[in-house]
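Got your viewer open and your mouse ready? Let's take a walk through this protein, one selection at a time.

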Amino acid sequence: MKQQILIIGAGFGGMWSALSAVRLLDQQQRLDVAVTLLAPQAELRVRPRFYETDLASTVAPLGALFDTVGVRFVQGSATQIDGQSKRVTYRDASGSQAELGYDRLILASGSQVARPPLEGGGRVTFDVDSLESAQRLEAHLQSLGRQPESAARNTVVVVGGGFTGIETATEMPARLRAILGDKTQVRVIVVDTAKQIGSAMGQEIAGIVAEASASLGVTWRLGSPLSRGDEHGVQLGNGERIATSTVIFAVGVKASPLTRQIKGERDSHGRLHVDRNLRVLGQDAIYAAGDTACAAVDDQGNHALMTCQHAIAQGRSAGNNAAADLIGVAPIAYSQAKYVTCLDLGGWGAVFTEGWARKVLLTGKEGKELKTRINTRWIYPPAADRKTALAAADPSIPVVA
Ligand SMILES: Cc1cc2nc3c(=O)[nH]c(=O)nc-3n(C[C@H](O)[C@H](O)[C@H](O)COP(=O)(O)OP(=O)(O)OC[C@H]3O[C@@H](n4cnc5c(N)ncnc54)[C@H](O)[C@@H]3O)c2cc1C
């Protein structure tokens with residue numbers, strides 16, 4: 001009977017965990033350990049692109065890649081993790097319940113948007129967190145084109161002015177005009193409780209976000225939260241009413257609820273605290289990677305953010321280290337000293353920064369060219385070629401964007 005490394009999730013953290021575990025086992029010629037990945041689909045769904053219109057190209061199939069490297073894919077959703085008996089219960093595609101055992105588990109089940117309930121606003125609210133919700137938003141936007149002209153039809157409200165909210169809002173004028181026509185007076189409004197435009201992104205970027213917003217006609221309502229909604233619009237805490245048929249929530253994410261089934265300390269996002277090898281603190285056999293893990297990236301006190309930039313590198317480390325632990329090889333501590341940000345600003349371009357203080361290096365068209373390269377090439381899975389794919393999973397490769 002082979003020993004089992006089980007990975008939950010086929011996102012950035014999960015896919016790279018699987019490849020890096022296989023890479024080490026291959027190098028050590030350990031045929032007695034199997035790598036199994038459990039997820040609802042054998043697909044890498046490229047969440048960083050879900051604010052775009054073209055959603056078909058945001059899904060990268062993983063079946064051939066897994067076959068090539070010898071990862072066993074099990075289709076299903078984990079429902080329960082039993083750390084005592086080392087078993088994971090899941091619901092398969094037909095809805096039946098089944099179980100998988102493990103010797104080492106890597107939890108890479110990602111995160112979900114933390115959508116607060118909006119009193120009265122159910123029908124008009126959307127998000128861009130998952131493929132399904134992004135498709136629902138796109139279908140809704142298309143349906144606006146079949147509705148009679150009105151202020152509510154022409155207005156999109158984005159709730160939350162952080163990274164995702166800014167990307168969604170700055171892309172929206174062009175998306176709306178493509179559907180409603182160039183001559184339509186479209187309105188895109190960002191509602192944020194902060195006092196300054198883009199303040200969550202740091203001072204230097206904030207000025208650029210303000211400039212891009214102004215040039216695209218995206219306006220901001222600052223310092224007042226959304227208080228209620230109905231099918232004709234929303235109301236802010238300060239009493240202002242905005243007529244709209246489309247409210248998009250981008251108010252931050254929470255780690256996958258599966259994190260709550262593992263005994264351990266969690267941060268305010270629900271992420272499990274992990275050690276430098278990405279093993280969950282207090283656990284012998286459970287690792288976490290990506291949006292489920294709260295991991296130190298350096299010795300300066302910086303921690304990974306909930307980004308694919310960090311999930312990719314953590315996957316390469318967690319897979320390697322879970323396999324290393326099982327076969328008695330020294331682990332390679334996770335570290336990711338370099339941190340960059342590339343924020344899409346729609347038709348204005350993009351801004352690229354380096355470092356935790358986000359020093360601006362590229363803006364406008366140059367920034368956009370880099371953003372396009374990152375989002376359409378660099379974060380996609382490697383080709384389904386065994387040698388190339390395993391070489392790409394080396395944990396010592398720095399992730400630069
Ligand atoms: C609109 C948007 C824009 C973004 N922009 C950027 C950006 O510019 N740069 C950046 O670095 N990051 C960006 N991010 C964040 C980035 O997408 C996430 O940090 C990243 O996807 C996390 O990777 P992950 O592998 O942890 O989780 P995910 O990519 O979410 O993958 C989770 C996987 O787990 C599976 N799963 C979930 N629950 C279960 C279960 N119960 N059982 C089995 N499998 C399960 C899912 O199906 C999926 O396969 C953006 C996110 C969004 C939504």
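We'll visit the domains, then the ligand, then three pairs of helices. Keep in mind on the way that this is a predicted model.

**Stop 1: the two domains**

Select 3-113 together with 253-338 and give them one colour: that's domain 1. Now pick another colour for 122-249, which is domain 2. Their C-alpha centres lie 33 Å apart. Where the two touch, domain 1 puts in 11 residues and domain 2 puts in 13 residues. On the domain 1 side of that contact you'll find six nonpolar, three polar and two charged residues.

**Stop 2: the ligand**

Next, show the residues around the ligand. How many residues are around the ligand, and which come nearest? There are 33, and the nearest are Gly-9, Gly-11, Gly-110, Gly-290 and Thr-307. Keep your two domain colours on, since the shell takes at least three residues from domain 1 and at least three from domain 2.

Now try switching on some helices and strands. α1 (12-27), β2 (33-39), β5 (72-82), α4 (163-180) and α6 (308-327) each give at least two residues to the shell. Colour the shell by class and you get 16 nonpolar, 13 polar and four charged residues.

**Stop 3: α1 against α6**

Stay with two of those helices and hide the rest. A handy tip before you look: a pair of packed helices is described by the angle between their axes and the distance between the axes. For α1 and α6, the angle is about 35° and the axes are 7 Å apart. Turn the view and you can check that α1 passes α6 in a right-handed crossing.

Which residues make this contact? On α1, click through the ones taking part, including Phe-12, Trp-16 and Leu-25. On α6, the partners include Cys-308, Arg-316 and Ala-324. By class, this contact has 15 nonpolar, eight polar and one charged residues.

**Stop 4: α4 against α5**

Select α4 again and add helix α5, residues 203-216. Their axes come within 9 Å and cross at roughly 25°. Are they roughly parallel or oblique to each other? An angle under 35 degrees counts as roughly parallel, so α4 and α5 are roughly parallel to each other. The crossing of α4 past α5 is left-handed.

Show the side chains here: Ile-166, Thr-170 and Pro-173 from α4 meet Val-209, Ala-212, Ser-213 and Leu-216 from α5. Five of these contact residues are nonpolar, two are polar and none is charged.

**Stop 5: α3 against α4**

Keep α4 on screen, and swap α5 for helix α3, residues 131-144. The axes of α3 and α4 come within 8 Å, crossing at roughly 45°, and α3 and α4 are therefore oblique to each other. This crossing is right-handed.

Finish by clicking the contact residues. From α3 they are Leu-141, Gln-142 and Leu-144, and from α4 they are Arg-175, Ile-179 and Leu-180. Sorted by class, that makes four nonpolar, one polar and one charged.

Definitions and conventions: Residues numbered from 1 in each chain as written. Predicted model: local features only at pLDDT ≥ 70, side-chain atom pairs only at ≥ 80, totals over all residues. Near = placed C-beta within 6 Å. Helix = DSSP H or I, 4+ residues; strand = E, 2+ residues; numbered from the N terminus. Nonpolar A, V, L, I, M, F, W, Y, C, P; charged D, E, K, R; others polar. Domains from an automatic or database assignment. Axes fitted to C-alpha atoms, helices over the stretch in contact; angles between N-to-C directions. Parallel < 35°, antiparallel > 145°, perpendicular 65-115°, else oblique. Left-handed = near helix turned anticlockwise from the far one by under 90°. Contact = placed C-beta atoms within 7 Å.
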